[in-house]
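Colleague: I am new to this structure and would like a close look at a single part of it. Please take the place where two helices meet, and set it in its surroundings.

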Amino acid sequence: MAESHSFQPFVPATVTAPELTPRALLLGALFGVLFGAVTVYVGLRAGLTVAASIPISVLSISILRAFGRASILENNIVQSTGNAGQSIASGVIFTLPALVFLGFDLESFRIFSLALFGGWLGVLFMIPLRRQLIVEEHATLVYPEGTACADVLIAGERGGSFASRVFLGLGLGSLYTLFQNDNLFALWPSQPDYQPDLGPQHLLKGSAIRADCTSEYLGVGYIIGLRIAAIMLAGGVFSWLVMMPAIAFFGSHLAAPLYPGTTPIRDMSPSDLWRTYVRPMGAGAVACSGLITLLRTLPTLLAALRHGLRHTTTRNAQDRNRTGHDLPPALVLGGSAALILLLFLFLEFHPVPGAQVGVWANLAAALLVVVFGFLFVTVSARIVGIVGSSASPVSGMTIATLMATAAIFLVRGWTAPAFGALAITIGGIVCIAAANAGDTSQDLKTGYLIGATPWKQQVAIMLGVLVSLLSIGSTLSLMNRGLESFQPLAHPVALNLQHLPEGVQNQGSFSRDHITLVTPAAVPLLPDARGYTLLNAIGSTALDDGKYLYNPATGRIEVQWIQGIGSERAAAPQGRLMATVINGILARKLPWGLVMLGVAIVLTVELLGIRSLTFAVGAYLSIATTLAIFCGGVVRWMVDRAMARHGAAPQHSAADDVSPGSLYASGLIAAGGIVGLLGVCVRLYEAATSRTLPRFSTHNPLHHDWVGVLMYALLAGSLYFFARKPLPEQPQ
């Protein structure tokens, strides 16, 4: 398709305006760091990510306007730079937490390096496709988020004002989180909890109804809407109010543990039932629904690949004006080759600790990154132009990469745990590259519509990738450490270190001087933690997967180390899915009965005519997450009904994605992420210094579940009010 010569961007190609300025790069870098951290925090907890380009554009317009007149091209550089943090964070949290589930440690430098390789390859691989996808097929590929963002920037250039609603949500959400968060003042319970046990027959014993009443979940629910939020909650209801009571009912008479559990079911709490039996079932459901999604989109993926390859090697006469200049081909090809070489050297000389493999395996990994990386960058860059970034099946592409990689490793006989870590490394880089290529395409579409200079945007995005990694890796590590807990075993397990059960590894002495034990009655300190031996269990019939502290003096495992990632407060469902795929193919050690139960559930949901991926994610997550998100969806439904009842559509400005409610909800999400991370840092400070910052006592008059529900309802009421209140108009 030839480029439409009738199209004229907002800023003509013959006009030169400030664009790649230091202040635009600095502000965009700050947003990249901020939204990268928030995306990690919210994504690990909710299993969802929210696009950042529009909130960043809205904030940029207001902030740069306060420092003097800013051009629309500068604001575009800000959103291009800042949005890179969100896209990279999405790819990171979907894959790299799988290293924790496979029994390996997360290192900030490894996260930084792998995300840098994937992020930059995503940009460089996409650049040769820009002219064909963005320019030649301008009328065919809409790129919804990119078009909406361009509308916001144009409206801001003409005098529209949106940022006050974001700042309002940010302020009220921060104040709420300060008093709600367990790690901060904890004035009222952060998670109201009801565990039914009704009548002499103990009806619904083993279930729980709870809600993690955070501002970010309320905002996420509002943005995704009632339909998706309700399907997620349906998955949670099935797991927590159907499956878990059934497991407790049928297992209450068993005196011995039921695999994969290591504790009798009658002694398990709802959280134990979820962790032991529901998570494997949920992982099977997510894996099956991901494969169904991949098969459903396969014709589109193949068409995108054929179309992209057909036009990659053929170039039309490039415009010689400003809006037609990409980064030079020599730089693109040379940079890509250099990154692949650096990746090989990184894998060879800085492997995952305890996961060393040979030079041929590392060389194969680098080549697989090239093949799958370019394949799915091509697919992602085109498919987001049709369905948008939020609906792009990046997780399906990653599953396909992992399955193909694991199958190759299996044929080669590379089945040791170290190759599982290598497979996750390959899948992680490809996932990050595909996610960033999709968002890069959206950004370049925005730039094309407003008349930006492509090479300047590409430089800004690569800078945004680099800077945002400063917060993404550290946030992932902080959450893994800050949300961890050490729980004494109710029944210590006797073991002989010289004859460990299959699947249990001795990882040497524990490295910390002291730890805090979490018990129902108290929070005692274990001062001589270095005297314990660290054990890691993967696929063992004697212990649940995870890490344990073994006391050589007693010859027993006495403490379970529950890491933050994978806990109920940071479930990381996509990471668990990736680890399940790897374990299923390489280690062949899975509770297949539970996994296949999840598969059967997904097939049933599909037969009902419902897209199963959202249901499967809801079945995997804690109901505390899905119920809180559902409340946001209900508010969205109430707002839409109220606006329709008064004879008006919901208030929108410049783009369908920009409404008073969505802007306020974006502020709530940012507030929950920022203040929530502050709470994690407070916990780490307390653990490092053995000091406890002042908090409200759990005996204070407001520390009751009904108060937590009431406060969440008041926050939801503020969202309902400000979602119906029109945005202020500014004179042009």
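Modeller: What follows describes one helix pair, after a short word on the chain. This is a predicted model, in which local features need pLDDT of at least 70 and side-chain atom pairs count only at pLDDT 80 or more, while totals for chains, interfaces and linings use all residues. Residues are numbered from 1 along each chain as its sequence is written, and side-chain values use heavy atoms, with hydrogens and water left out.

The chain has 21 helices and nine strands, taken as DSSP runs (helices H or I, at least four residues; strands E, at least two) numbered from the N terminus. Of its 732 residues, 58% are buried, meaning under 20% relative accessible area with a 1.4 Å probe, protein chains only.

The pair is helix 2 (residues 53–66) and helix 7 (residues 144–157), whose axes come within 9 Å and cross at roughly 15°. Axes here are lines fitted to C-alpha atoms over the stretch in contact, and angles run from 0 to 180 degrees between N-to-C directions. Helix 2 is therefore roughly parallel to helix 7, a term for angles under 35 degrees. The crossing of helix 2 and helix 7 is right-handed, that is, the near helix is turned clockwise from the far one by less than a right angle.

On helix 2, the contact involves Ser-53, Ile-54, Ser-57, Val-58, Ile-61 and Arg-65; on helix 7, it involves Ala-148, Cys-149, Val-152, Leu-153 and Gly-156. Contact means heavy atoms within 4.5 Å. Seven of these residues are nonpolar, three polar and one charged, with Gly counted as polar.

Technical notes. Parallel < 35°, antiparallel > 145°, perpendicular 65-115°, else oblique. Buried < 20%, exposed > 50% of the residue type's maximum accessible area, 1.4 Å probe, protein only.
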